[in-house]
Amino acid sequence: MIRSAIIGTGSYLPEKVLTNFDLEKMVDTSDEWIRQRTGIVERRIAAEDEASSDMGLEAAKRALEDAGVNPLELEAIIVATITPDTLFPSTACVIQGKLGARNAGAFDISAACCGFIYGLAIADGFIRSGMMRTVMVIAAETMSRVTDWTDRTTCVLLGDAAGAAVLRATTEDRGILSSFLGAAGEYADPFLLGMPAGGSRMPATPETVEKRLHFLKMRGREVFKLGVKMMPEAGLKALELAGMTPKDIDLFIPHQANIRIIDAVGERLGIPKEKIYVNIHKYGNTSAATVAVALDEVRRNGIAKEGDNILMVSFGSGMTYAGTVIRL
Ligand code: UT7
């Protein structure tokens with residue numbers, strides 16, 4: 001049986017750190033409120049000349065180096081992002097060009113915070129069908145560019161980052177063991193969680209700019225409730241598809257949107273705290289990049305070892321929800 005092994009990972013965090021204390025000077029908020037209500041202490045912000053492809057390219061190079069794979073060996077580059085450099089051409093094509101990966105097809109996917117898990121599932125499909133052998137999935141988000149820095153209910157939550165993984169066909173019993181992709185499109189409302197203007201529904205006009213409709217909007221409390229419900233569901237589905245229960249999991253990587261959501265999801269799944277990976281205090285919510293960066297960190301800092309079963313789950317705008325079980 002062919003599986004998709006994760007043979008390399010990489011991540012990139014921009015240098016600039018924005019702390020809660022910095023935010024206190026920008027909007028009516030406090031370090032105490034942000035820590036208590038979200039668990040976030042600081043986040044990274046891209047430099048002025050940095051866009052999603054620049055961060056994604058850096059993460060991609062690190063993943064290729066880690067995997068010992070030449071860019072010419074890649075057959076597809078999938079970029080998960082809701083903050084592409086431009087709506088078209090795709091961010092994946094920009095990265096493909098800069099990597100010189102000219103044997104790879106390249107395209108972006110839009111699944112918000114679930115983008116990396118959706119991307120892994122697509123890559124796994126290409127590989128398990130025998131269509132491709134080596135595929136790279138990148139998640140790159142410059143959330144700071146769609147953040148309304150006058151809106152305290154959202155600007156304290158978001159950050160910029162990129163992560164990447166190289167997948168290759170293997171006959172060993174490791175790699176992606178299951179993928180569950182969910183969506184609840186009845187919640188596809190850009191004012192619940194999304195960016196209302198700039199697409200074909202509401203093209204850019206002086207009015208849309210004036211009304212600040214090119215920024216992320218969110219009704220936080222409603223989204224919170226959906227997350228607490230959807231993430232455990234995605235986790236249980238992914239476990240079931242892998243023929244596992246929460247007890248079989250060595251490490252749990254949940255999407256990092258709010259520490260209270262992470263705690264609630266861990267509790268509902270019955271996964272003890274010491275098995276839950278948390279980095280929200282350092283980066284905030286970096287949308288699709290969150291799970292990708294966390295996966296790279298646990299591989300590099302030795303928290304995850306070869307043979308470990310890792311459950312990764314996410315939820316986000318759409319609403320999308322997704323889970324995957326991988327064995328390193
Ligand atoms: O990637 C997935 C998408 N995002 C999420 O998963 C986020 C889900 N939602 C959340 O994490 C939480 O709902 C928030 C962190 C956004 C908000 O926390 P909350 O505990 O749900 O607060 P709330 O919206 O119920 O607001 C409580 C109070 C309000 O004041 P009043 O009306 O009680 O006077 C807010 O105006 O807190 C106020 N508030 C703030 N105060 C200080 C909201 N944001 C801030 C802030 N600083 N930054």
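1. Let's start with R212, which you'll find in the loop between α7 (206–210) and β10 (217–218). Keep in mind as you read that this is a predicted model. The phi of R212 is near 60°, a positive value in a residue other than glycine. Is R212 buried or exposed, or something in between? Its relative accessibility is 32%, so R212 counts as partly exposed.

2. Now put S287 next to that. S287 also isn't a glycine, and its phi is positive too, at about 50°. Look for S287 in the loop between α10 (280–283) and α11 (289–300). Its surroundings are another matter: S287 has a relative accessible area of 2%, so it is buried. The cut-off for buried is under 20%.

3. Next, the peptide bonds. Which kind of bond runs from F88 to P89? That one is cis, with omega near 5°. P89 belongs to the loop between β4 (76–80) and α4, and α4 itself covers residues 91–99.

4. There is a cis peptide bond between G318 and M319 as well, and here omega is about -20°. M319 is in a loop too, the one between β12 (309–316) and β13 (320–327). Hold on to M319, since it turns up again in the next point.

5. L192 sits in the loop between β8 (175–183) and β9 (193–194). With 3% relative accessibility, L192 counts as buried. What does L192 touch, once residues up to four places away in sequence are set aside? The list is Y187, K217, M218, R219, E222, V223, L226 and M319, and that last name is the residue joined to G318 by a cis bond. For a sense of distance, L192 and P246 are 54 residues apart in sequence and 31 Å apart in space, going from C-alpha to C-alpha.

6. On to helices. How do α3 and α4 pack? Helix α3 (residues 52–67) meets helix α4 (residues 91–99) at an angle of about 50°, and their axes are 9 Å apart. That angle makes α3 oblique to α4. Their crossing is right-handed. On the α3 side, the residues in contact are S52, S53, D54, G56, L57, A60, K61 and L64, and on the α4 side they are T91, V94, I95, K98 and L99. Sorted by class, this contact of α3 with α4 has six nonpolar, four polar and three charged residues.

7. Try the second helix pair yourself before reading on. Helix α8 (residues 220–241) and α9 pack with an angle of about 40° and with axes 9 Å apart. That makes α8 oblique to α9. The crossing of α8 and α9 is right-handed. From α8 the contact takes in F224, G227, V228, K229, M231, P232 and L236, while α9 brings R260, I261, A264, V265, R268 and L269. The residues of the contact of α8 with α9 split into nine nonpolar, one polar and three charged.

8. While you're at α9 (residues 259–269), find I262, which is part of that helix. How buried is I262? Its relative accessible area is 0%, so I262 is buried. Leaving out residues up to four places away in sequence, I262 touches P254, H255, Q256, I276 and V278. I262 and R3 are 259 residues apart along the sequence, and their C-alpha atoms are 29 Å apart in space.

9. For a residue in a strand, go to F107 in β5 (residues 105–109). At 29% relative accessibility, F107 counts as partly exposed. Ignoring neighbours within four places in sequence, F107 is in contact with I77, I78, V79, S90, A92, I122 and F126. F107 and A169 are 62 residues apart in sequence and 20 Å apart in space, C-alpha to C-alpha.

10. Last, the cysteines. How many disulfides does a search of the whole structure find? Zero. Two cysteines you can look up are C93 and C113. C93 has 39% relative accessibility and so counts as partly exposed, whereas C113, at 11%, counts as buried.

Methods:
Residues are numbered from 1 along each chain as its sequence is written. This is a predicted model: local features need pLDDT of at least 70, side-chain atom pairs count only at pLDDT 80 or more; totals for chains, interfaces and linings use all residues. Side-chain values use heavy atoms; hydrogens and water are left out. A disulfide is a pair of cysteine sulfur atoms within 2.5 Å. Buried means under 20% relative accessible area, exposed over 50%, partly exposed in between (1.4 Å probe, protein chains only). Axes are lines fitted to C-alpha atoms, for helices over the stretch in contact, and angles run from 0 to 180 degrees between N-to-C directions. Helices (H or I, at least four residues) and strands (E, at least two) are DSSP runs, numbered from the N terminus. Angles under 35 degrees count as roughly parallel, over 145 as roughly antiparallel, 65 to 115 as roughly perpendicular and the rest as oblique. A crossing is left-handed if the near helix is turned anticlockwise from the far one by less than a right angle, and right-handed if clockwise. Contact means heavy atoms within 4.5 Å. Ala, Val, Leu, Ile, Met, Phe, Trp, Tyr, Cys and Pro count as nonpolar, Asp, Glu, Lys and Arg as charged, and the others, Gly among them, as polar.
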